[in-house]
Amino acid sequence: MDRKALLLGFLAADPSDSFSRYALALELGKEGDRAGQIAMFEDLLRRDRTYSGAYYHLGKALEADGRAEEAVAVYETGIQVATEVGQGHHRAELQSALAEARDRLEGHDPFDL
């Protein structure tokens, strides 16, 4: 059984399983199904807004899909949630991603010194 089928089976058995939904979203991204990946991350965060690790990956998927402004909003929400739930590592990752996304939106190269 492939990984995607296994994760779908886990979700069929327990639709509230946030980790399996997160892992399935990552798997969809590996398969190149960005729309499916974005939808799965959005569904995960509707069901469990405190799953702070998903905000980073959703933002990155949105950026890759050309939706940078939406990604910025996701990063901002993720920072707030990560702060609320005490996930300092996730907050730091999201703050970095947010700064880079804002720089790109403003036409700045973050590596241009």
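Helices (H or I, at least four residues) and strands (E, at least two) are taken here as DSSP runs and numbered from the N terminus. By that rule, Gly-36 belongs to helix 3. The model is a predicted one, in which local features need pLDDT of at least 70 and side-chain atom pairs count only at pLDDT 80 or more, while totals for chains, interfaces and linings use all residues. Residues are numbered from 1 along each chain as its sequence is written, and side-chain values use heavy atoms, with hydrogens and water left out.

We can start with Gly-36 and its surroundings. Gly-36 has a relative accessible area of 18% and is buried, where buried means under 20% relative accessible area, exposed over 50% and partly exposed in between, with a 1.4 Å probe and protein chains only. Along the chain, Gly-36 and Ala-25 are 11 residues apart, and their C-alpha atoms are separated by 7.3 Å. Gln-37, also found in helix 3, counts as buried at 12% relative accessibility. With neighbours within four places in sequence left aside, Gln-37 is in contact with Ala-25, Leu-26, Leu-28, Gly-29 and Ala-61; contact means heavy atoms within 4.5 Å.

The helix pairs come next. Two packed helices are described by the angle between their axes and the distance between the axes. The axes are lines fitted to C-alpha atoms, for helices over the stretch in contact, and the angles run from 0 to 180 degrees between N-to-C directions. For helix 1 (residues 3-13) and helix 2 (residues 18-30), the packing angle is about 155 degrees and the axes are 9 Å apart. Helix 1 and helix 2 are therefore roughly antiparallel to each other, a term for angles over 145 degrees, with those under 35 counting as roughly parallel, 65 to 115 as roughly perpendicular and the rest as oblique. Their crossing is left-handed, meaning that the near helix is turned anticlockwise from the far one by less than a right angle, whereas a clockwise turn makes a crossing right-handed.

On the helix 1 side of this contact are Arg-3, Lys-4, Leu-7, Leu-8, Phe-10 and Leu-11, which meet Ser-20, Arg-21, Ala-23, Leu-24, Glu-27 and Leu-28 of helix 2. These residues divide into 7 nonpolar, 1 polar and 4 charged; Ala, Val, Leu, Ile, Met, Phe, Trp, Tyr, Cys and Pro count as nonpolar, Asp, Glu, Lys and Arg as charged, and the others, Gly among them, as polar. Glu-27 deserves a look of its own. Placed in helix 2, Glu-27 counts as buried at 13% relative accessibility. Not counting residues up to four places away in sequence, Glu-27 touches Arg-3, Lys-4 and Leu-7. The C-alpha atoms of Glu-27 and His-89 are separated by 23 Å, with their positions 62 residues apart along the chain.

Helix 3 and helix 4 provide another pair, with axes that come within 10 Å and cross at roughly 150 degrees. The crossing of helix 3 and helix 4 is left-handed. From helix 3, the contact draws on Arg-34, Gln-37, Ile-38, Phe-41, Glu-42, Leu-44 and Leu-45, and from helix 4 on Ala-54, Tyr-55, His-57, Leu-58, Ala-61, Leu-62 and Ala-64. By class, the residues in the contact of helix 3 with helix 4 are 10 nonpolar, 2 polar and 2 charged.

Helix 5 (residues 68-85) and helix 6 (residues 88-105) pack at about 155 degrees, with their axes 9 Å apart. That angle makes helix 5 roughly antiparallel to helix 6, and the crossing of helix 5 and helix 6 is left-handed. The residues of this contact divide into 10 nonpolar, 4 polar and 4 charged. Elsewhere in the description of helix 5, Ala-73 counts as partly exposed at 36% relative accessibility. The C-alpha atoms of Ala-73 and Leu-98 are separated by 8.8 Å, and the two residues are 25 residues apart along the chain.

Finally, the aromatic rings. The structure holds 2 aromatic pairs, defined for rings of Phe, Tyr and Trp (its six-membered ring) by centres within 6.5 Å, with planes under 30 degrees apart counting as stacked, over 60 as edge-to-face and the rest as tilted. Tyr-22 and Tyr-51 form a tilted pair, at 5.3 Å centre to centre and 45 degrees between the planes. Tyr-22 lies in helix 2 and Tyr-51 in the loop between helix 3 (34-47) and helix 4 (53-64), so the pair ties together parts that are 29 residues apart in sequence. Tyr-22 counts as buried, at 15% relative accessibility. Tyr-22, Phe-41 and Tyr-51 form one aromatic cluster.
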